[in-house]
Amino acid sequence: MKGRTDVIVGVQWGDEGKGRVVDALAGRSGVVVRYQGGANAGHTVVVGNEKFVFHLLPSGILYPGKLCVIGNGVVIDPETLFKELDDLKKRGKLLARLVISHGAHVVMPYHKLLDRLAEGARSEGSRIGTTGRGIGPCYSDKFGRVGIRAEDLVNPAILKEKLMMNIEQKNEILTKIYGAEPLEADTVYETALEWGKRIEPMLGDAFLEIHNALETGINVLFEGAQGTLLDVDHGTYPFVTSSSPCSGGACTGAGVGPGRIDRVIGVTKAYCTRVGEGPFPTEDKGSLGELLRTKGGEFGATTGRPRRCGWNDLVAVDYAVKVNGIDGLALTKLDVLSGFEKISVCTAYEIDGKVRKSFPGSCAELAKAKPLFEELPGWKEDIRSCRRFEDLPSAAQDYVRFIEERASAPVILIGVGQGREDTILRGI
Ligand code: IMP
């Protein structure tokens with residue numbers, strides 16, 4: 001029997017709680033794969049009283065005996081990777097095996113520098129609000145075919161040639177465009193060689209590990225980072241990240257064919273958040289946004305920035321269901337909505353005086369979208385101890401059903417608290 005595959009994708013602008021959903025499913029998978037993004041991600045998993053935040057490691061790393069894979073679509077910041085591995089080891093939790101694809105690209109010091117300098121040079125209104133982790137410049141080099149791949153770190157001659165060429169060019173940009181100090185090529189080379197020594201035992205044919213596992217009946221979980229609306233193709237361009245968080249990204253970023261994907265699970269918060277710049281139709285800049293931020297602890301896991309907050313946007317959820325081919329939704333942080341008299345949900349936009357029910361493909365249109373809300377009754381009860389759908393107050397059940405109906409996808413997992421056990425499973 002062949003193994004099954006699940007892809008976990010973010011439905012909104014990231015921070016939906018994908019880490020906890022991956023953690024909930026990792027127990028029945030043998031392999032957990034990160035397929036895109038880099039250390040811009042911040043996946044939080046709470047086990048008992050312990051909190052883990054992963055920027056690069058797949059969230060399945062907490063399970064003994066699992067294989068964790070960093071696919072070719074990921075960009076690796078070796079310093080963050082080593083820090084995460086060291087931290088887990090210190091806490092006695094480094095129990096899984098890690099394989100890094102030869103083809104994953106490496107975030108170099110000049111990528112981080114250029115990311116921050118470019119962001120600083122952008123004018124108000126065109127700023128993206130990047131995480132400063134070098135993501136955009138690293139993917140630019142990848143697609144410009146001058147990037148440094150993980151395999152290059154263990155090939156000193158190739159590494160030297162590629163690095164010297166890159167640093168010569170980057171120094172021109174650093175000094176002439178940004179008036180910054182040039183980088184010392186030899187120092188970067190020495191650092192990269194050291195990274196290579198540590199990475200070498202972890203390098204492998206990631207796609208083969210995945211296919212071998214599937215052949216022997218082992219299930220594989222693909223863990224998306226960021227979210228649909230940050231996808232470089234399908235998100236709110238240019239206020240997006242530089243990778244493909246959508247489910248299609250799992251195919252290119254890990255080396256599996258679309259026909260080999262059995263199920264796509266979309267993760268959405270019960271409300272909506274965004275960190276960084278760009279359109280966000282349901283954003284509430286007043287007291288509601290503040291309340292959601294405080295109740296939901298909405299501060300970035302990577303940068304600590306306060307997240308922008310608002311009611312859920314089912315126009316966007318419906319779009320994500322279509323773009324990703326979502327088979328089931330995981331609804332997280334439902335407990336944060338307890339105590340609201342009424343809960344609003346955006347079910348259409350008004351753009352230039354016209355009502356629109358589908359997500360606009362044009363970013364300029366989206367920037368003009370005013371949310372049209374429908375109101376549902378709220379509930380007062382603390383729902384954190386609910387473990388079955390029937391345990392939820394009827395208003396909470398109705399809210400879940402409303403999402404299912406409008407987004408045309410069943411809600412198969414509900415998060416009712418921060419912990420691993422605070423979960424309602426519905427046929428997942
Ligand atoms: P970058 O990925 O650092 O280039 O940032 C581009 C945009 O994506 C910015 O608006 C970031 O705030 C946002 N972003 C990147 N990674 C995440 C994430 O993991 N969660 C939420 N937003 C993110």
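## A ten-stranded sheet and two nonpolar cores

This predicted model contains an open sheet of 10 strands in the order 9-7-5-2-10-1-11-15-19-20, and the pairing is mixed. Strand 9 (203-204) and strand 20 (423-425) form the edges, each pairing on one side only.

Let's step inside the sheet. Strand 1 (residues 5-10) is joined to strand 11 (residues 263-269) by five bridges, and the two run in the parallel sense. Here Val9 stands opposite Gly266 of strand 11.

Two helices touch this part of the sheet, and the table shows how each is oriented.

| Helix | Strands touched | Angle to strand 1 |
|---|---|---|
| Helix 1 (residues 18-26) | strand 1, strand 2 (31-34), strand 10 (220-223), strand 11, strand 15 (328-332), strand 19 (411-415), strand 20 | about 165° |
| Helix 8 (residues 247-254) | strand 1, strand 2, strand 10, strand 11 | about 120° |

Now for the nonpolar side chains. In soluble globular proteins, such side chains tend to be buried together. Which residues touch the most other members of the largest nonpolar core? In this core of 58 residues, they are Phe222, Leu329, Leu334, Leu337, Leu392 and Tyr399. Helix 12 (residues 394-407) is the greatest contributor to this core, giving seven residues.

Leu392 is a good place to zoom in. Leaving aside residues up to four places away in sequence, Leu392 touches Leu334, Ile383, Cys386, Gln397, Ile414, Val416 and Ile424. Apart from the largest core there is another, made of 52 residues, including Ala26, Ile76, Leu81 and Ala330.

Definitions and conventions: Residues are numbered from 1 along each chain as its sequence is written. This is a predicted model: local features need pLDDT of at least 70, side-chain atom pairs count only at pLDDT 80 or more; totals for chains, interfaces and linings use all residues. Side-chain values use heavy atoms; hydrogens and water are left out. A nonpolar core is a set of buried Ala, Val, Leu, Ile, Met, Phe, Trp, Tyr and Cys residues joined through side-chain atoms within 4.5 Å. Buried means under 20% relative accessible area, exposed over 50%, partly exposed in between (1.4 Å probe, protein chains only). Helices (H or I, at least four residues) and strands (E, at least two) are DSSP runs, numbered from the N terminus. Contact means heavy atoms within 4.5 Å. Two strands pair if DSSP finds at least two bridges between them. Axes are lines fitted to C-alpha atoms, for helices over the stretch in contact, and angles run from 0 to 180 degrees between N-to-C directions.
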